[in-house]
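User: Please take a close look at one helix pair in this protein. I want the packing geometry and the residues behind the contact.

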Amino acid sequence: MQQTALNLIAIAIFLMTLSILLGPLVHIPESVPAIATFSILAFLTADRFGWEGKGLTLLLDTVSRFSSEHRDRVLRHEAGHFLAAYYLGIPVTGYDLTAWESLKNGQQGVGGVRFDTEELLQGKKAGDRQLFCDRFCTVWMAGIAAESLTYKTVEGGGSDRQKVTDTLAILGYPTRESRNKQQWGELQAKTLIEKHQTAYEALVKAMKIRTTVAECYQILEKERK
């Protein structure tokens, strides 16, 4: 998403510059590029300091939704998270597939699968911290694994990688281990998805029509038997 944002801003700047250069030739009033530039800068400033970047996120999300491949990538990415959490015993509390859905559900405007991380926070104090680390790192990397399995390339996952780093910090591991843990978690997640491919495809179909978390669990339970 960050790269998309930079690309969009670069295109906007290019178009404004082009309009300034070609304006006199095509009889565009000089005030038009100036107003457009001021409006874009005002929006970006207000979004950055007033809305914490949510406005640009919603704009980019709206533009991206016109691509059927993008919608499918998001769906399969989030289904990967959901499936891994289910089989590793981490409760799923909800999911959103668009920034708009996220805002409507009282979240921060970034779609995704939401988990009950209370167990992770308690894992630093009790239990096998290696087990907690392995489980959560696999879940965070499962979206990237799902994309990679389907498309051989990955477009999302920056925030997921950061969550692996955050998980290591919570459990007392050095953050320099993050890259190795990401690779390990992605491999584990790929194996898990491939092992339960039928369940994964059933989950993708269910999430596409916004089936509730409880009903998704029932579908996975059925596929598990």
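Analyst: What follows covers the overall layout, then the packing of one helix pair.

This is a predicted model, where local features need pLDDT of at least 70, side-chain atom pairs count only at pLDDT 80 or more, and totals for chains, interfaces and linings use all residues. Residues are numbered from 1 along each chain as its sequence is written, and side-chain values use heavy atoms, with hydrogens and water left out.

The protein has eleven helices and two strands. Helices (H or I, at least four residues) and strands (E, at least two) are DSSP runs, numbered from the N terminus. Their order is α-α-α-α-β-α-β-α-α-α-α-α-α.

Now the pair. Helix α4 spans residues 68-87 and helix α7 residues 129-151. Their axes lie 7 Å apart, at an angle of about 135°. Axes are lines fitted to C-alpha atoms, for helices over the stretch in contact; angles run from 0 to 180 degrees between N-to-C directions. α4 and α7 are therefore oblique to each other: angles under 35 degrees count as roughly parallel, over 145 as roughly antiparallel, 65 to 115 as roughly perpendicular and the rest as oblique.

On the α4 side, the contact (heavy atoms within 4.5 Å) includes Glu 69, Arg 73, His 77, Gly 80 and Ala 84. On the α7 side, Trp 140, Gly 143, Ile 144, Glu 147 and Tyr 151 are among the residues involved. The residues of this α4-α7 contact divide into eight nonpolar, six polar and five charged. Ala, Val, Leu, Ile, Met, Phe, Trp, Tyr, Cys and Pro count as nonpolar, Asp, Glu, Lys and Arg as charged, and the others, Gly among them, as polar.
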